[in-house]
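Here are a few short exercises to work through with the model open beside you. Try each task before reading its solution.

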Amino acid sequence: MPADQPSVADTVRSLVTQRLNLNGYSQDLRPDDNLWSLGMTSLTCLGLMLSIEDTFEIELPEEALKESTFRSINTISAAVESSRK
Amino acid sequence: MSNPTMRSSDLVFAAGAKRPTKADVVIIGNGALGMFLADELVERQVGSVVVVGPSHRDTGASQAAGAMLGCFGETTTESLRTNAARTRFELGISAHDKWPETLRRLDEFAPSDRPLQTTTESHIILNSVGAELDTVNFAAIIDALDQYDKPWKEIDPTDIPGYNPRPESRALRAIHLPTEGAVDARGVLASLERRLRHGGAILLDQTVRRLVGSDEEVTAVELDDGHLIEAGTVVVAAGIHSESLVRTVFDVPDLMPTFPGLGFAMIAKRTGGEPFTSVVRTPNRGFACGLHVVPQGGGLEYYGATNRLVHTISSVTWMADVRFLAQYSMQQLDERAATHEVTKWCSGNRPVTLDGFPLVGWMPLSGLYLMTGTYRDGFHCAPLLAEHVANELQGKSGIIDSIFQPIRKPVATRTVESSIDEYVTHSLAAWFETGAQAAPQMTTSQLTDYYRNMAVQTYEQLGVDYALGPDILWYAQGNLHGARRVARYLRTFKGDGDVDQPTGATTGTGGTR
């Protein structure tokens with residue numbers, strides 16, 4: 001990956017921060033933090049899913065469309081990486 | 001459309017073959033739409049007709065239908081608000097006029113002594129269980145009856161034969177519709193089978209795996225065991241399975257999605273008390289068709305029905321739906337129903353399009369015709385649609401409006417703001433209908449705020465500006481699969497002049513944001 005290209009995890013972090021309105025918290029957001037505990041709802045998860053797919057130009061498999069996929073930056077990044085293979 | 005008529009062909013059944021390898025018309029789907037179309041084609045002697053569909057009709061809407069021949073009883077505040085909705089409403093009126101002749105045709109093929117038409121009249125009740133939506137839809141029914149100069153009369157609810165609700169759920173108003181009855185859906189389907197066999201059509205108790213053809217035409221269907229049937233024309237009338245079948249040969253992003261409207265009803269044998277002699281029903285209710293009882297003949301009564309849009313096609317029944325239907329039939333229709341004997345559990349999937357309008361017409365691929373998306377009135381409209389489709393297959397003029405063409409942008413009938421209002425009204429109605437309890441200090445206006453907030457947020461998260469019907473909005477907010485299907489489809493129109501406003505389908509107070 002070129003040095004100036006953000007990693008999947010960085011891009012996911014940016015989308016999570018934006019969609020969940022965590023701007024004041026983003027510095028402390030750890031890759032394994034539970035996003036549902038940080039205020040994500042079924043509706044904001046919906047918007048996050050769409051923005052993840054749009055940004056990475058992927059379509060997550062049907063079986064990935066569940067709460068646990070969107071639990072943390074790590075789980076989302078793993079789903080993105082898996083869909084890109 | 002590229003295929004204005006059925007191809008003239010010299011296709012014939014292979015001599016001596018148990019199953020045909022060729023046919024002039026192959027109809028996929030043996031529900032009301034497919035069977036009535038086959039009947040019309042056989043009547044017109046257009047050539048060889050093969051109908052493919054499993055005899056159990058599992059997951060189909062027709063085998064589970066209450067089959068009320070009601071257009072005015074189904075009226076809502078939306079029915080006549082826009083030209084597009086009015087066009088659809090008038091489709092129902094035209095269909096209603098075809099049923100007497102339809103029943104005369106089928107009568108001699110009836111499978112039993114029980115009459116196919118089980119009643120010729122309806123009573124609409126207004127009780128206080130269904131919240132404000134019941135009230136406004138009850139008024140809309142009366143307005144529509146007056147607009148179309150149809151007979152009706154306000155009566156004392158206690159005069160309705162068989163009607164015996166619990167006192168706390170009793171109706172305070174009721175009207176009698178002397179010309180809206182019902183048929184025995186399962187009896188009609190059985191009669192059609194017998195009539196079709198008698199007329200020489202082939203009914204295959206199988207399913208179709210895929211359509212066969214190229215980017216330009218469809219030439220055959222492949223059955224689940226690999227058997228191929230060449231076809232002059234393929235008509236896909238497979239209800240909720242239609243979209244996926246079409247996509248086996250024609251996969252484009254702007255093909256309108258169709259969602260399963262899973263519904264539950266039950267048929268019970270009356271064990272005592274005065275029987276119902278008419279359809280007795282509430283107006284259409286929150287996200288659904290209202291509570292109703294339909295006489296079936298032979299001491300049987302049909303109690304229906306629930307409706308929920310789901311992601312997966314199935315014939316499952318939710319315990320919540322059983323509870324809902326059993327409890328509220330006893331409370332709101334006849335308390336004696338508690339001891340009736342359930343003889344059949346009916347579960348089926350209505351084909352619900354994203355814009356709520358049917359999909360009927362030629363597809364861009366030569367030789368492929370689609371008829372589906374009829375939601376909750378497919379059975380009632382089937383004889384009329386059969387005449388229309390038979391005309392089109394023969395190269396004659398159709399008899400229904402062109403707004404139902406299957407390849408179209410979604411018909412717009414409301415603004416996003418009115419969509420949100422409608423969603424809130426339906427949600428509140430559903431809240432009270434299902435017996436949900438709020439804390440004593442919680443008011444209806446607080447519930448309203450909650451549902452409004454949900455709807456506003458759903459639009460924000462979906463990022464769409466097409467105004468959805470309340471059932472589709474509920475579905476999209478309820479699961480990620482649904483949200484993705486709705487959003488992806490609507491986003492295909494971004495930057496393309498937004499959604500369609502077909503000729504003759506102006507939006508009244510509607511439009512898009």
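**Exercise 1. Work out what share of the contacts in chain B with a separation of 6 or more comes from residues 24 or more positions apart.**

Step 1. Take two residues as in contact if their C-beta atoms, placed from the backbone, lie within 7 Å.
Step 2. Among the contacts in chain B with a separation of 6 or more, 77% join residues 24 or more positions apart.
Step 3. Keep in mind that this is a predicted model, where local features need pLDDT of at least 70, side-chain atom pairs count only at pLDDT 80 or more, and totals for chains, interfaces and linings use all residues. Residues are numbered from 1 along each chain as its sequence is written, while chains are lettered from A and ligands numbered from 1 in the order in which they are written.

**Exercise 2. Describe the overall build of chain B.**

Step 1. Count helices (H or I, at least four residues) and strands (E, at least two) as DSSP runs, numbered from the N terminus; chain B has 11 helices and 19 strands.
Step 2. Its radius of gyration, taken over C-alpha atoms, is 22 Å, close to the 24 Å that the globule rule (2.2 Å times the number of residues to the power 0.38) gives for 513 residues, so chain B is as compact as a globular protein of that length.
Step 3. The C-alpha trace of chain B spans about 70 × 60 × 40 Å along its principal axes.

**Exercise 3. Find which helix of chain B gives the largest share of the side that touches chain A.**

Step 1. The contact pairs 10 residues of chain B with eight residues of chain A.
Step 2. On the chain B side, α9 (444-462) and α11 (480-491) each supply at least two residues.
Step 3. The largest share, five residues, belongs to α11(B).

**Exercise 4. Characterise the packing of α1(A) against α2(A).**

Step 1. Two packed helices are described by the angle between their axes and the distance between the axes.
Step 2. Fit the axes as lines to C-alpha atoms over the stretch in contact, with angles running from 0 to 180 degrees between N-to-C directions. Helix α1 (residues 8-19) of chain A and helix α2 (residues 42-56) of chain A then pack at about 145°, their axes 10 Å apart.
Step 3. Pick out the residues: α1(A) contributes Thr11(A), Leu15(A), Val16(A) and Arg19(A), and the partners on α2(A) include Gly47(A), Leu48(A) and Ile52(A).
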